[in-house]
Amino acid sequence: MLQTDVLIIGCGIAGATAALRLARNPERQITIITREPDPHESNTRYAQGGIVAHGADDDAELLAADILAAGAGASSPKAARLLAEEGPLRLNEVLVEIAGIEFDRGAGGQLMWGQEAAHSRRRILHVGDGTGEAIMRGLIAALRRAPNVTLTTNATAVDLITFPHHSRDPLAAYQPITCHGAYVFDRDGRTVHRYLAAATVLATGGLGRLYLNTTNPPGARGDGPAMAHRAGARIVNAEYVQFHPTALAAPGAEGFLISEAVRGEGGLLLSPDGRAFMADYAPKWKDLAPRDVVARAIHHEMEKHSYSHVLLDIASRLPAETIRARFPNIHAACLKAGIDITHEPIPVVPAAHYSCGGVAVDEWGRSSIENLYAVGEVSCTGLHGANRLASTSLLEGLVWGHRAAQHIELSVGQAGSLPSPDRVPSWDESGLVADADPALIQGDMQTIQNIMWHYVGLVRSADRLSRAIRELRHLQNEIETFYRTTRLSDGLIGLRNAVEAALIVAQAARHNRQSRGCHYRQDSVSVEGDRLI
Ligand SMILES: Cc1cc2nc3c(=O)[nH]c(=O)nc-3n(C[C@H](O)[C@H](O)[C@H](O)COP(=O)(O)OP(=O)(O)OC[C@H]3O[C@@H](n4cnc5c(N)ncnc54)[C@H](O)[C@@H]3O)c2cc1C
């Protein structure tokens with residue numbers, strides 16, 4: 001058993017920012033865990049395009065207006081204003097001053113502002129096309145320098161410890177649901193420990209891996225929403241799963257993201273026979289239309305003409321040396337897959353990319369459960385509404401990671417206020433001897449990914465969603481039996497969470513009959529008529 005003032009589950013940009021802000025108080029002991037052996041591994045690591053700030057002829061009002069426009073009428077104006085006003089301060093304070101990140105500058109030393117879809121200004125800071133890697137290196141190094149932060153790898157949170165759920169006291173039923181930490185699986189020792197904390201911050205990232213085609217790495221399997229849901233937290237906007245329009249469609253490199261910045265720098269979408277089609281779908285924005293519009297346009301072209309992919313041409317738009325300098329990682333990854341982007345167009349398909357919804361939180365990252373905070377992609381601050389504006393999620397992780405830490409600092413007691421350990425039951429593994437069969441875990445995971453891609457994907461309907469829910473429920477029963485009778489493993493924890501998270505998304509999608517942003521129901525009428533395809 002471990003006792004700590006604050007337990008942070010996940011060390012991507014959101015969790016790491018919260019930890020660094022809390023660490024300013026030397027009296028606080030902060031424990032931050034990741035299920036990965038390498039703490040850099042996270043969605044944050046793969047961010048390419050960059051992070052939004054205020055460009056040269058820009059201000060908070062313009063940025064907030066672009067966020068609201070992309071969000072298809074469902075973004076919270078308060079959240080957009082908060083991010084637009086506080087974001088640049090946090091970026092400077094955390095990423096530049098603490099993590100030491102050097103964003104790209106021109107020959108004269110001026111910051112180079114990138115352009116991305118649906119931004120009315122050039123305002124994206126980047127480190128080549130490897131911004132996320134640079135951010136994770138800086139943040140993890142800063143965490144390791146903080147004497148009151150313990151960073152533990154190979155530690156998978158299994159479930160939140162909440163009262164009354166885990167309390168032995170029958171009178172706890174009359175109290176509001178309160179979080180006291182988490183049960184954490186030590187992947188090396190194969191045992192589950194109680195991590196008791198005065199405040200718990202969920203920062204587990206996204207759920208793209210619930211889908212067959214995704215840009216997300218394997219860890220993005222929805223652990224956070226699943227744990228929060230089991231504990232009784234409010235989850236909102238789960239149906240708004242954003243599909244990135246352009247993931248590489250080349251054997252062996254599927255899902256590798258071709259950043260929006262490629263279109264921002266002039267890249268054009270073409271059908272395999274060379275037809276530029278975006279003007280047919282979005283006459284005003286064309287290739288720089290919001291993501292949901294571009295992703296559906298590609299999906300529609302692929303379905304209508306039975307294309308296996310479409311093309312993204314940057315080769316004929318920029319000189320080869322500019323392409324290599326601006327997109328070194330994309331250039332290298334495509335070359336590895338046999339495509340030289342300085343000479344030929346890139347084959348692309350849409351792929352699940354980002355969860356706009358999640359654990360409902362307020363402006364301080366507080367969830368509906370006492371002492372449980374959620375920050376970053378696992379949360380729903382309302383910022384992204386029905387469709388996230390490109391390059392705003394890293395900044396959201398920074399702003400809300402910081403704000404949650406501020407709130408904890410002011411209002412949550414230290415480990416001294418924890419329930420005594422004998423009030424929290426230990427994890428009971430008695431009688432579990434069988435090891436989980438990896439073939440079953442992989443097979444069930446693939447079933448979930450297929451169901452989600454085909455029935456809860458870019459184009460949805462009541463029939464598809466009902467079918468998905470029926471099949472997922474059946475699978476959930478099977479998995480739960482398996483879970484109750486098998487020794488725990490990280491894969492089994494992930495599978496149990498994946499089916500729970502998939503059901504959360506599918507049920508939210510069935511419940512919401514109105515097409516909006518990235519939730520498109522072919523059996524309904526959208527309020528955003530001009531954005532329908
Ligand atoms: C390919 C790609 C490109 C992107 N490009 C951009 C971009 O250019 N700009 C932008 O703003 N956004 C971009 N995004 C989105 C952005 O990267 C993410 O939304 C953001 O990084 C999420 O940060 P986070 O801290 O919430 O989660 P993550 O960075 O995903 O971190 C999650 C953490 O939780 C841990 N974890 C998960 N489950 C458990 C568990 N059960 N127990 C313990 N630990 C757990 C993980 O190991 C990890 O440490 C991109 C995303 C992808 C996939």
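Reader: Happy to dig in! How many disulfides does the count come to?

Author: Glad to help, and note that this is a predicted model. A disulfide here needs two cysteine sulfur atoms within 2.5 Å. By this rule, the count comes to 0.

Reader: Which cysteine sulfur is nearest to that of Cys 179, and how far away is it?

Author: Cys 179 is in no disulfide. A pair would have to lie within 2.5 Å, whereas the nearest cysteine sulfur is 19 Å away and belongs to Cys 11.

Reader: Is Cys 179 buried or exposed?

Author: Buried means under 20% relative accessible area. Cys 179 has 0% relative accessibility, so this residue counts as buried.

Reader: On to the ligand, then. How much of its accessible area does the protein cover, given polar contacts such as that of Thr 44?

Author: A polar side-chain atom of Thr 44 lies 2.4 Å from a ligand oxygen, and an N or O atom in the side chain of Ser 393 is 2.8 Å from a ligand nitrogen. On its own the ligand has 1000 Å² of accessible area. Of this, the protein covers 97%.

Reader: Which element gives the largest share of the shell around the ligand?

Author: The elements giving two or more residues are α1 (13-22), β6 (155-163), β13 (346-355) and α11 (393-411). With 3 residues, the largest share comes from β6.

Reader: And which helix gives the most to the largest nonpolar core?

Author: That core has 109 residues, and Ile 8, Leu 95 and Tyr 211 touch the most other members. The top contribution is 11 residues, from helix α14 (residues 490-511).

Key:
Residues are numbered from 1 along each chain as its sequence is written. This is a predicted model: local features need pLDDT of at least 70, side-chain atom pairs count only at pLDDT 80 or more; totals for chains, interfaces and linings use all residues. Side-chain values use heavy atoms; hydrogens and water are left out. A nonpolar core is a set of buried Ala, Val, Leu, Ile, Met, Phe, Trp, Tyr and Cys residues joined through side-chain atoms within 4.5 Å. Buried means under 20% relative accessible area, exposed over 50%, partly exposed in between (1.4 Å probe, protein chains only). Helices (H or I, at least four residues) and strands (E, at least two) are DSSP runs, numbered from the N terminus. A polar contact is a pair of N or O atoms within 3.5 Å; within protein, one must be able to donate a hydrogen and the other to accept it, and residues adjacent in sequence count only if both atoms are side-chain atoms. Accessible areas come from the Shrake-Rupley method with a 1.4 Å probe; for residues, only the protein chains shown count as cover.
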